[in-house]
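Me: Please give me a close look at a single part of this structure, and then place that part in its wider setting. I should like the reasoning to be set out step by step.

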Amino acid sequence: MTRTDRHAWLLPSAMADPPADSPPGRRPRRTVRDWFVDTLLFLLAAFVGLIAADSTEQLTSEIVAFADQIVGAAACCALWLRRRWPAGVAVVLTVISTVAPVAGGAALAALFGVAVRRPFRETALIGGLAVASSTAQVFLRPDPSLHPAAAVVIGIVMTLLVTAWGMLVRSQRQLLVALRERARRAEAEAELRAEQAQRLAREAIAREMHDVLAHRLTLLSVHAGALEFRPDAPPEQVARAAGVIRDSAHEALQDLREIIGVLRAPGEDGGGDRPQPTLDTLDELVAECRAAGMKVTLDLALDGADGPRAVPAATGRTVYRIAQEGLTNARKHAPGADVDITVRGRPGDGLTVHIRNAAPTGPVPHVPGSGQGLIGLTERTTLAGGRMDHGPAPDGGFALHAWLPWPA
């Protein structure tokens, strides 16, 4: 259950989201807040009616007083229908209050409901009817404790105050609805951007894997062609060429297995002769960043005699991209801060990459589109069978940690 669902009872029924099983077009049910407001208005209307009945009881007969009490009770009960028929209930109660002062409180409550729910033109018409009704009531059922002019002024002021209050509530609700709709659109756009970043990351991975696969197949073809044109080569050369062909075919098969399920962007040529970064070229990336003025520390320690060359090419490319994105984020969001890159691993245990930069030394301008690179990087890591976490560090910097599989 979301936060909005847990607090839906605090919202009016017109602003609360309908239940998932509610049929379309059905009028929303009252929330707890609606029941509380309706009960409060009912009690206030009844209280105002009792005061009006007490002030006019001495000037009327017992039959008229009894009729007033019946009419006042019916008017208060009619308030429970104001949500379904706000204009109709308001017009009826306003007309009744002209000859029955005990219905005056209920008429004001109904007018408030019209101001909250109906357009300004309809509210103004019913408000004008309420002013005319309160003015006529002064002469039809006068209050002996008030001067007629004072009674007319009080009726007009009360009508204007109730109408203005209802219109203020209506404008606040419209503002909240607009802000909530804007927030929903922003969330939908953020989800769309995240999906696009994931799709672009998949396409980039597919292109890189295609390039590496083309490179391996080209190498295999060259060595196979050498064997074809040199059948009289020494046995040592034949064995060496056969070993290269075997290793290239094995690595190409691994790359082909990884590319299955990843879509390649249409309309772009493969570029199979383009060199692809690996873990062995991570030193060059760090050197380029240092030449650009960044303070980067690289700690690369891998178990094995071949070092970075023993890491599978796809895993090495992923490590390279993680380091590249970490350095890019540090350059954009923490210029001048120290960056530490630590790479550890061994066959069978996997590779761990930890990138951390210190807090920025000064104000950093907002960079549009921030966060999309990390989304794509997370997708790349997941496709490689690993996992990645990132977030602010306790000292104000930023940390990124990833784990990638390294088969034994």
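What follows is my request in detail and one connected reply.

Please concentrate on strand β2: which strands does it pair with, and which way do its side chains point?

Reply: The model is a predicted one, and the description below should be read with that in mind. The chain has 11 helices and five strands. Of its 408 residues, 35% count as buried. Among contacts between residues at least 6 apart in sequence, 71% join residues at least 24 apart.

Strand β2 belongs to an open sheet of five strands, in which the order is β1-β2-β3-β5-β4 and the pairing is mixed. The edges are taken by β1 and β4 (387-392), each of which has a single partner strand, so one side of each is left without a neighbour in the sheet. On average, and with direction ignored, neighbouring strands of this sheet are turned by 5° against each other.

The order places β2 between β1 and β3, and the two pairings can be taken in turn. As a general point, the strands of a sheet pair through backbone hydrogen bonds, in a parallel or an antiparallel manner. Towards β1 (residues 295-302), strand β2 runs parallel, and eight bridges join the two. Within this pairing, Val296 stands opposite Val339, and Asp299 stands opposite Thr342. Towards β3 (residues 350-357), the pairing is antiparallel and also extends over eight bridges. Here Thr342 stands opposite His354. Thr342 of β2 is thus set opposite Asp299 and also opposite His354 of β3. Strands β2 and β3 form a hairpin with three residues between them, and in this hairpin Gly348 takes a positive phi near 95°.

The side chains are the next matter. Along β2 (residues 338-346) they alternate between two faces. Val339, Ile341, Val343 and Gly345 point to one face and are buried. Asp338, Asp340, Thr342, Arg344 and Arg346 point to the other face and are not buried. The two residues of β2 named above in the pairing with β1 therefore fall on opposite faces: Val339 is on the buried one, Thr342 on the other. For this reading, a residue counts as buried if its relative accessible area is under 20%.

Two helices contact the sheet. Helix α9 (residues 282-291) lies across β1 and β2, and its direction is at about 170° to that of β1. Helix α10 (residues 313-333) packs on the sheet and touches β1, β2, β3 and β5 (398-404), with its direction making about 10° with that of β3. Strand β2 is thus touched by α10, while α9 lies across it together with β1.

The wider setting includes other links between parts that are distant in sequence. Ala201 lies in helix α7 and is buried, with a relative accessible area of 9%. Its C-alpha atom is 7.1 Å from that of Leu377, although the two residues are 176 apart along the chain. When neighbours within four places in sequence are left aside, Ala201 is in contact with Gly376 and Glu379.

Aromatic residues supply further links, and the structure holds three aromatic pairs. One of them is formed by Trp35 and Trp80, which are tilted, at 5.9 Å centre to centre and with 45° between the planes. Trp35 lies in helix α2 (residues 32-56) and Trp80 in the loop between α3 (62-78) and α4 (86-99), so this pair ties together parts that are 45 residues apart in sequence. Trp35 counts as partly exposed because its relative accessibility is 45%, and Trp80 counts as partly exposed at 27%. The rings of Phe112 and Trp165 have their centres 4.8 Å apart and their planes at 45°, so this pair is tilted. Phe112 is in helix α5 (residues 104-117) and Trp165 in helix α7 (residues 148-229), 53 residues apart, and the pair links these distant parts of the chain. Phe112 counts as buried at 13% relative accessibility, whereas Trp165 is exposed at 53%. Trp35 and Trp80 also form one aromatic cluster with Phe42. Finally, Arg84 lies over the face of Trp85, at 5.5 Å from the ring centre.

Methods:
Residues are numbered from 1 along each chain as its sequence is written. This is a predicted model: local features need pLDDT of at least 70, side-chain atom pairs count only at pLDDT 80 or more; totals for chains, interfaces and linings use all residues. Side-chain values use heavy atoms; hydrogens and water are left out. Rings of Phe, Tyr and Trp (its six-membered ring) pair if their centres lie within 6.5 Å; planes under 30 degrees apart count as stacked, over 60 as edge-to-face and the rest as tilted. Helices (H or I, at least four residues) and strands (E, at least two) are DSSP runs, numbered from the N terminus. Buried means under 20% relative accessible area, exposed over 50%, partly exposed in between (1.4 Å probe, protein chains only). A charge sits over a ring if NZ of Lys or CZ of Arg is within 6 Å of the ring centre and within 35 degrees of the ring normal. Two strands pair if DSSP finds at least two bridges between them. Axes are lines fitted to C-alpha atoms, for helices over the stretch in contact, and angles run from 0 to 180 degrees between N-to-C directions. Contact means heavy atoms within 4.5 Å.
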